[in-house]
Structures are given as C-alpha cells and as structure tokens.
Amino acid sequence: MSLAYLTGRRLKVFIQQPAFLVFTIIQPAIWLFLFGNLFRKIVDLPGFGGGSYLAYLVPGVVVMSAVSSSMWSGMGVLEEIDRGTMNRFLITPARRGAILDAVVIETTLSVTVQSLIIVLLGLAAGARYPFGGVLLLLAASALLAVVFSALSNTAGMLVRQRESIIGMNTLLLLPLTFLSSAFVAPGLMPSWMRTIARGNPVNWALEVCRSALLGSYDWPRTLSFGGLLLVLAAALVLLSARTFRSYQRSVV
C-alpha cells in the first residue's frame with residue numbers, strides 16, 4: 001500500500017464526517033468573536049502598536065486551533081490499534097513509515113482547512129490581510145500541525161491510553177498559547193514571558209507570518225523561525241517513526 005492510498009483512506013473518513021469539522025470550528029469562532037470584542041480597546045495601550053485587534057487576533061486563533069486539533073491525532077492511532085487495523089497493516093507490503101505519515105498528512109490537511117475557514121471568518125468580520133500573509137499563516141499552521149500531530153502519535157504509541165493524550169492536550173494547549181504573542185503584543189508581556197516565548201513553537205509560527213500580515217515582509221525573520229519549525233517537525237516525525245518501529249517489534 002502506498003502513502004497516497006493510506007492518506008486517502010483517512011481523508012475519506014474525514015470527508016464522511018462533516019459534523020466533526022463544524023465542531024472543531026465552533027470553539028475558534030467563539031474565541032475570535034468573544035475576544036475580538038472583549039479586548040478590542042487593548043490596541044490603544046502604549047506598546048501595542050495600534051491597528052485592529054481583530055486583525056491581530058485571527059493569527060493567534062488559527063495557531064491555537066492548529067495545536068488543539070493536531071494534538072488529538074494520537075487518538076486515531078490508538079483507535080487503529082484497538083480495532084486491530086494497525087496490526088493488519090503490519091502484515092501488508094505497506095511501507096512502515098507511510099502508516100504514521102498518512103495520519104500526519106490527514107491531520108495537517110484538516111488543520112489547513114480549519115485555518116482557512118477561521119481566516120475567512122476574520123475577513124467577514126472586518127479583518128484585512130494581504131494574500132501573501134495569509135499563505136504564510138496557512139503554511140505556519142500546517143507546520144504546527146505536523147509538529148503536534150507527530151508528538152501526539154508518539155505519545156499514543158508509548159502510553160496507549162486515551163487519558164494520557166487528553167491530559168497532554170489539556171496541559172500544553174493554553175500555556176503554549178498564552179506564552180506567545182497569540183493574544184497580546186510582545187511589548188506588553190512580562191520579560192520572563194517574552195523569554196519563554198522565544199523557545200515556544202507556537203510563537204515561532206506567529207513570528208513567521210506577523211510582518212507579512214501587516215503588509216511588510218521581514219524575510220530573514222520569517223525564514224529563521226520557519227526553519228526552526230521545519231527542523232522541529234522533521235525531528236518529531238522521525239521520533240514517531242522510531243516509536244512505531246518499537247511498537248512493531250512488540251507485536252510481531
């Protein structure tokens with residue numbers, strides 16, 4: 001079985017459950033319109049930089065949604081294990097790496113669709129962005145999806161308990177989001193939070209697209225943070241592959 005077949009198999013399930021996409025959009029939409037109105041005056045604070053808070057908020061909601069959705073990826077892996085599907089794949093000619101790669105690709109594509117819908121909701125509410133900035137935002141959210149999908153898959157293979165994946169999502173989502181520039185400009189953050197944000201992949205994703213969304217392209221900054229995300233994504237995909245080989249040895 002090829003990677004294309006395995007990915008298509010998972011995408012077919014995603015397409016057949018449109019309600020799942022609707023449910024994953026509801027919470028980001030609430031964050032977008034609730035926070036967009038609640039904190040719209042925050043742009044008047046010295047150090048924020050002015051502009052529309054809604055336009056500032058949309059990228060933050062996009063990356064938050066990307067992290068939240070992709071961190072459930074391990075649940076799909078556990079379901080495959082529990083149903084015996086994973087073990088059946090192991091006796092087929094399918095390339096072993098393709099089995100987990102298909103999960104990551106399906107998650108990344110679904111996150112990209114969610115991100116695009118959130119951007120469209122922001123545009124409908126009055127936010128305005130250059131086309132190139134939107135493309136960079138979608139690319140950054142896709143890389144985040146790879147990072148956290150691979151991490152979730154690794155956790156699923158190691159612990160094989162749904163409660164652990166739920167706990168990881170609960171533990172990481174809000175700290176990673178609020179220890180970034182998702183909702184507030186770095187200039188308004190305490191110095192210790194800015195220090196932590198420098199090593200936060202969620203903040204890297206925001207750094208990739210912030211300047212472009214304002215209509216100015218800081219390519220050295222964009223490429224440096226994009227490179228960090230790319231390296232982290234590759235490392236976690238490799239880690240999940242090694243974990244899968246360990247799982248394979250435990251069942252054959």
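**A walk through an all-helix model**

Okay, let's start with helix α4, residues 73-83, which is mostly covered, as eight of its eleven residues are buried. Buried here means under 20% relative accessible area, exposed means over 50%, and partly exposed is in between, using a 1.4 Å probe and protein chains only. A helix is a DSSP run of H or I with at least four residues, a strand is a run of E with at least two, and both are numbered from the N terminus.

Before going on, a word about what you're looking at. This is a predicted model, where local features need pLDDT of at least 70 and side-chain atom pairs count only at pLDDT 80 or more, while totals for chains, interfaces and linings use all residues. Residues are numbered from 1 along each chain as its sequence is written, and side-chain values use heavy atoms, with hydrogens and water left out.

Back to α4. Which residues of α4 are buried? They are Ser73, Gly74, Met75, Gly76, Val77, Leu78, Glu80 and Ile81. Just after α4 comes Gly84, with a positive phi of about 85 degrees.

Now the whole fold. The protein has eleven helices and zero strands, so if you read the elements from the N terminus on, you get α-α-α-α-α-α-α-α-α-α-α. It has 252 residues, and 51% of them count as buried. How do the contacts spread along the chain? Take contact as heavy atoms within 4.5 Å. Among contacts between residues at least 6 apart in sequence, 80% join residues at least 24 apart.

On to the inside. A nonpolar core is a set of buried Ala, Val, Leu, Ile, Met, Phe, Trp, Tyr and Cys residues joined through side-chain atoms within 4.5 Å. The largest one here has 56 residues, and the members touching the most other members are Tyr53, Val58, Leu144, Phe148 and Phe183. Which helices each supply at least two residues of this core? That would be α2, α3, α6 (96-125), α7 (131-159), α8 (162-178), α10 and α11. There's another core apart from it, with eleven residues, among them Val77, Ile81, Met86 and Val103. You've met Val77 and Ile81 already, on the list of buried residues in α4.

Let's zoom in on Tyr53. Leaving aside neighbours within four places in sequence, Tyr53 is in contact with Phe35, Gly36, Phe39, Arg40, Ile42, Val43, Phe48 and Phe183. Phe183, remember, is another of those well-connected core members.

Two serines are worth finding on screen as well. Ser70 is in helix α3, residues 53-70, and at 0% relative accessibility it counts as buried. Not counting residues up to four places away in sequence, Ser70 touches Thr107, Val111, Leu144, Ala145, Phe148, Ser149 and Ser152. Two of those names, Leu144 and Phe148, came up in the core. The other serine, Ser65, also has its place in helix α3. Buried or exposed, then, for Ser65? Ser65 is buried, because its relative accessible area is 6%. With the same exclusion of residues up to four places away, Ser65 touches Pro28, Gln114 and Ile118.

Next, charges. A salt bridge is a side-chain nitrogen of Lys or Arg within 4 Å of a carboxyl oxygen of Asp or Glu. How many salt bridges does the structure hold? One. Glu207 pairs with Arg221, and the closest N and O atoms are 2.7 Å apart. Glu207 lies in helix α10, residues 201-213, and Arg221 in helix α11, so the pair ties together parts that are 14 residues apart in sequence. The two ends have their own surroundings: Glu207 counts as buried at 13% relative accessibility, while Arg221 is partly exposed, at 38%.

Last stop, helix α11 and some long jumps along the chain. Arg242 lies in α11, residues 219-251, and is exposed, with a relative accessible area of 52%. The C-alpha atoms of Arg242 and Thr154 are separated by 8.9 Å, though the two residues are 88 apart along the chain. Then there's Asn87, in helix α5, residues 85-89. Asn87 is partly exposed, at 33%. How far from Asn87 is Gln248 in space, C-alpha to C-alpha? The answer is 8.2 Å, for a pair that is 161 residues apart in sequence.
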